[in-house]
Amino acid sequence: MLQRFSRKVVEHPWFQPVIIIIILLNAVFVGLETYGSIYERYEEWFLLFDVIILSIFTVEIILKLIAGEKTWHFFKDGWNVFDFLIVAFSFIFLGSPFITVLRVLRVLRVFRTVSVIPSLRKLVNALLMTLPSLGTIMLLLFIVFYIFSVIGTMLFQEVSPELFGNLQLTALTLFQMITLESWATGVMRPVMEVTPWAWIYFVAFILVGAFVVLNLFVGVIVNNFEKIDEMEKDEEDQDEFGDLKTEVSELKQEIRELKELLRK
């Protein structure tokens, strides 16, 4: 009975929206805490609100734990583990003198927005899946930076020593350029006033660094999005199959109970 009730509550259409609203309210109150005058005046209200929010999150996790077929299935999802740890640590530091730690945990609870909104969860999962491929892309980017840093230092060290005085300064200048922040007016044109052909170097770096390498990174993320979509479809199919098995087993149990009643 308790499992059925918990499952009905968790699967109710209003369950997730209510949790999202509570998380957003928590985010608003966390932002208000940064105003010292407001927090000092209403400190007791802030603490009371925090206890209420923490209690709601605790009830939510308990309902999810009960609603699952097996309790340990709840911890198979990394996002569920994240939510559980945030709530657990919040309880640990709730009555402690480490008020700064408690405030940090309040801020971290805003991350729960990611765990309850499917689109954000998918985005973060795609970024996490990108990490192994990101190492290769970063290595390629390092090689490009090193080559262009050495060339830039050799060519423009005397022309613009504040930007290309040594290898480190040149690499920092190239980092500014790859963000496309004032790379033309702030870097390229002052150098071109002395060496008109310098545009070849700068345009080549922008094409290779900003467009080619960064587009590789975007392409890997998009590819991971497609993989996540396929994984979610497979999980949905498995969940539907599991639900059917559960319903069939429940029907069998009810039939057995009816047979026993008829025999009596």
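A residue counts as buried when its relative accessible area is under 20%, as exposed when that area is over 50%, and as partly exposed in between. With a relative accessible area of 25%, G68 falls between those cut-offs, so this glycine is partly exposed. The structure discussed here is a predicted model, not an experimental one. The same vocabulary can be put to work on the whole chain: of the 264 residues in the protein, 28% are buried.

The overall make-up is easy to describe. The protein has twelve helices and zero strands. Walking along the sequence simply gives one α after another, in the pattern α-α-α-α-α-α-α-α-α-α-α-α.

The N-terminal part offers a good place to start looking at how pieces meet. Helix α1 covers residues 2-10, and Q3 is one of its residues. Q3 has a relative accessible area of 31%, so it is partly exposed. Although 60 residues separate Q3 from L63 in sequence, their C-alpha atoms are 8.4 Å apart in space. A similar link involves G68, the glycine from the opening, which sits in the loop between α4 and α5 (78-94). Its C-alpha atom is 9.7 Å from that of R4, with the two positions 64 residues apart along the chain.

How do whole helices pair up in this region? Two packed helices are described by the angle between their axes and the distance between the axes. For α1 and α4, the axes come within 8 Å and cross at roughly 120°. That angle makes α1 oblique to α4, because it is neither over 145 degrees, as roughly antiparallel would require, nor in the 65 to 115 range of roughly perpendicular pairs. The handedness of the α1 and α4 crossing is left-handed.

Helix α4 (residues 43-67) also pairs with α2 (residues 15-33): the two axes come within 11 Å, with a crossing angle of roughly 150°. Angles over 145 degrees count as roughly antiparallel, and therefore α2 and α4 get that label. Here, too, the crossing is left-handed.

Helix α4 has one more thing to show, this time at the level of side chains. How many salt bridges does the structure hold? There is one. K64 and E60 are the partners, and their side chains meet at 3.1 Å, taken from N to O. Both residues belong to α4, where they are four residues apart, or about one turn of the helix. Are these two residues buried or exposed? Both K64 and E60 turn out to be buried.

Further along the chain, another helix pair comes into view. The axes of α8 and α10 come within 9 Å of each other and cross at roughly 120°. The two helices are therefore oblique to each other. The crossing of α8 and α10 is right-handed.

Helix α8 turns up again on the surface. A nonpolar patch of about 1,200 Å² is made by L139, F142, I143, Y146, I147, I151, M154, L155, L167, W197, W199 and I200. Two elements give two or more residues to this patch, namely α8 (118-156) and α12 (199-263). Which of the elements gives the most to the nonpolar patch? That is α8, with eight residues. One of the patch residues, I143, can serve as an example: I143 is found in α8. Its relative accessible area is 41%, so I143 is partly exposed, and this value also clears the cut-off of over 30% that patch residues must meet.

Finally, the backbone does something worth a look just after α10. The loop between α10 (167-178) and α11 (184-192) contains L180. L180 has a positive phi of about 65°, although it is not a glycine. The loop between α10 and α11 is also home to S182. Phi of S182 is near 55°, again a positive value in a residue other than glycine. Are these residues covered up or not? L180 has a relative accessibility of 42%, so it counts as partly exposed. S182, at 36% relative accessibility, counts as partly exposed as well.

How values were computed:
Residues numbered from 1 in each chain as written. Predicted model: local features only at pLDDT ≥ 70, side-chain atom pairs only at ≥ 80, totals over all residues. Heavy atoms only, no water. Patch = residues over 30% accessible without salt bridge, like charges linked within 9 Å, V, L, I, M, F, W, Y side chains within 5 Å. Areas by Shrake-Rupley, 256 points an atom, 1.4 Å probe, with all protein chains shown as cover. Salt bridge = Lys/Arg side-chain N within 4 Å of Asp/Glu carboxyl O. Buried < 20%, exposed > 50% of the residue type's maximum accessible area, 1.4 Å probe, protein only. Axes fitted to C-alpha atoms, helices over the stretch in contact; angles between N-to-C directions. Parallel < 35°, antiparallel > 145°, perpendicular 65-115°, else oblique. Left-handed = near helix turned anticlockwise from the far one by under 90°.
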